[in-house]
Every structure is written in C-alpha cells, then in structure tokens.
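I opened this notebook to keep track of what I looked up, beginning with the cysteines and then turning to a pair of helices.

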Amino acid sequence: MKTPSLLDLAPEQQAVIDLPFHGSHVITGSPGAGKTVMAVYRAWALATAGREVTLFTRSNLLHQYLAQMAPDLTEALNVTTYHLWVRDFWRRRFRTDPPQLDEDGWIYDWSEMQRDCIRHRVGSTAHLVIDEGQKLPVGFYHLCHILGVGVTVCADENQRIGDDQSTLSEICQAVAAQAGPVVLRENRRNSREIALLASEFREEVRDGMTLPTRVGRTPTVLKVPSLRHLLTGVSLYFNAHPERSIGIICRSTHTVRDVQSELTHLGLAKHTQAYAYDDRYRNTMDFSAQPIRIVSTASMKGLEFDSVFVPDLDAYTEDPTSVDARLRLFGLCTRAREDLHFAHRGPQEPAILASIPESLLARHSG
C-alpha cells in the first residue's frame, strides 16, 4: 500500500478534503485517480473535526484494505462494511433485523425501512464516507436522506451498473448532493503503457483521458504450457523483486486455490495470501506485508499492486465485444502500477486480446 501524505496530495485531491463538513457530496473518477485514498482522508478530516463518521464499502476485502491502509489515520475511525452498518443501525433503533426481500438476508426492503423511519421519526447525525458507492442500491441513499445522514460517496461508473447498484446521477439526486460530482481526473496509479492498454477496453475513457506521464514496461501476454510453468516464473520474479507487491488475479475462486497450492509446492507457502469470501481459511489478508496476493476478479475492485499476473486468460471465453467482458479486462489492467502480465494455455490467444495492437501488448511464448 502506498498512501500519500497530506503534503503529496494534488490540488484536486485537497479539494475533496476541504469539502464542507455538512451536507452530502459525491466524488468520482476513473480507476487510479485515488478515490479510495480520498475516502480515507475525507473520513479522517471529518473525525478530526469532531463529526461522528463511519467509513465503509460493500466488499469485505476492500473493507480490510481500508482499515489497514493508514493506521495513523484509520485508528480513530469506525471502519466497517455496508451490510454490517445497515444491520447494526437497524437493530439499535428497532431491536430487530432490517426487513428483507430474500431468504439469505442480503436484499433489504428499502420502502418498508423508509416508512418505518418516517413513522417513528428516526434520525441520525452521523456522516458516512462510502468507497465504491456505485455498488450500493439507490434505496439505501434515499434512506440516508430521510434519516438526515450526511454522506460522502466515492463512486466509479466504469463498470456495469446492475439492478442493485446506482448511477452517479441517482446517487446525487437521492442524497440531495450540494453540487455535481467532484471529478478526480488524473490517473495516479498506472504507468502510461498500462493506461493505454486499459483504454482499449473503454472508448469513452480513451476519448477524454489524460495519460500518466510515468513510463514503464509494455504489458505482456504469455503463452505457457501449464499453470506451474507460469508460477515458476512468478516465483523467480518475486525473488528478484522483493520490494514489489504482486497480485495474481484469477477468474474464479477455484483457480485462486489452485494457484495457492502450486505456489506452496514451489516453496512459497509463507509468502502467499489468498482470498476467497466463502472460505474461512482464506477470508482475511494482511496488507502491511509484501507477499504474493491471490484474489478473484470479484474481489479486485479498489485494490492495486506493483505487478499483476492474470494466469487464466483462456477462461475469458465470453463475447469479446460485450460490455461485461471489456469492463472486466479494463478492471484487470487498472489494478497494476508497474507491470502487467497475461497468460494463457493453448495455441490460440484469447479473442478478448486479439484486436490489441502490437505496440500496446508484447506477445511471448513461455
């Protein structure tokens, strides 16, 4: 984790910290613009001013990342997840679980919750700082407005917005934001080469983006005979670059477990951490260390690594022109700061990369 100091913040980032402490505000920007960092600093600024503030996101892994990002900033904050906050709030006010629309308890009945809060005149003076706010339903933001809860929402629309998620305009309208979204325009994460490759999967990003000035290596795609062959190379890379954070991003949790098992056989058991939400042996990560971290695409949002390896590109068999497929590749690319390596098995390169110019992607056989 590389958290900039207050003195290192750019003027557009400082403007987020300086937003009024009352009311609701929305911050947006493409991956790499520093939204997660600004969420932490915004929550810290509010807490320092004496506000009752909670910092949260929907993803459990990103929640862990936020809580560990800057201990000197976050130790004074309540850092939690969206579901934990909703359930705790409701139980404290109504002594019961929030009304739900599904048996598993993940979908709330926002209309009933809003009526209950109006009927019982429930309110709150809290301020919520929310990272990846586009992943939350618009009913939640309407409830915040009814309660009088101020929110600072960091959101990114560079992904598919499903039925249980919210667009920027929906969030701004629901919370009665004092102004339009504050836009963070500069990509502070990726090298120029990685940003150029990522833009191939998002035309609207390419049309209006400012390229990073920092240059690096051209991303690569490797044809490998086996997963072990690739991970032997990752092991050598890890030993040669102990100062770098390495992320291996897999399509499925099954592959996450396979990769961890192979790295264990290669003698790297003490230097790997794997995350799978539904696995009690793999549901936490220590972000203060510099191991090889293995995650799935479902858990990658908000995270970043110096070097990223995608070991199973041949698993991306969907229509390469579909929005979901291109957004997934866009997200994969933007996780990497310095190096990006795709790998596939079989003689034919997956179609999702077939149209990428040679100048943006170096091809090699392992």
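Which cysteine sulfur is closest to the sulfur of cysteine 172, and how far away is it? I worked from a predicted model, and there I found that the closest one belongs to cysteine 154, at 12 Å, which is too far for a bond. A disulfide needs two cysteine sulfur atoms within 2.5 Å, so I looked for another pair that might qualify.

I then checked cysteine 144, whose closest cysteine sulfur lies in cysteine 117, 10 Å away, and that is again too far for a bond. In keeping with this, I noted that the structure holds 0 disulfides.

I also looked up whether these two cysteines are buried or exposed. Cysteine 144 has 1% relative accessibility and counts as buried, while cysteine 172, at 15%, counts as buried too, because the limit is under 20%.

Next I turned to helix 11, residues 227–240, and helix 12, residues 253–265, whose axes come within 10 Å and cross at roughly 60 degrees. That angle makes helix 11 oblique to helix 12, and I recorded the crossing of the two as right-handed.

Which residues bring the two helices into contact? On the side of helix 11 I listed Leu227, Arg228 and Leu231, and these meet Asp258, Val259, Glu262, Leu263 and His265 of helix 12. Sorted by character, the residues of this contact are 4 nonpolar, 1 polar and 3 charged.

Definitions and conventions. Residues are numbered from 1 along each chain as its sequence is written. This is a predicted model: local features need pLDDT of at least 70, side-chain atom pairs count only at pLDDT 80 or more; totals for chains, interfaces and linings use all residues. Side-chain values use heavy atoms; hydrogens and water are left out. Buried means under 20% relative accessible area, exposed over 50%, partly exposed in between (1.4 Å probe, protein chains only). Axes are lines fitted to C-alpha atoms, for helices over the stretch in contact, and angles run from 0 to 180 degrees between N-to-C directions. Helices (H or I, at least four residues) and strands (E, at least two) are DSSP runs, numbered from the N terminus. Angles under 35 degrees count as roughly parallel, over 145 as roughly antiparallel, 65 to 115 as roughly perpendicular and the rest as oblique. A crossing is left-handed if the near helix is turned anticlockwise from the far one by less than a right angle, and right-handed if clockwise. Contact means heavy atoms within 4.5 Å. Ala, Val, Leu, Ile, Met, Phe, Trp, Tyr, Cys and Pro count as nonpolar, Asp, Glu, Lys and Arg as charged, and the others, Gly among them, as polar.
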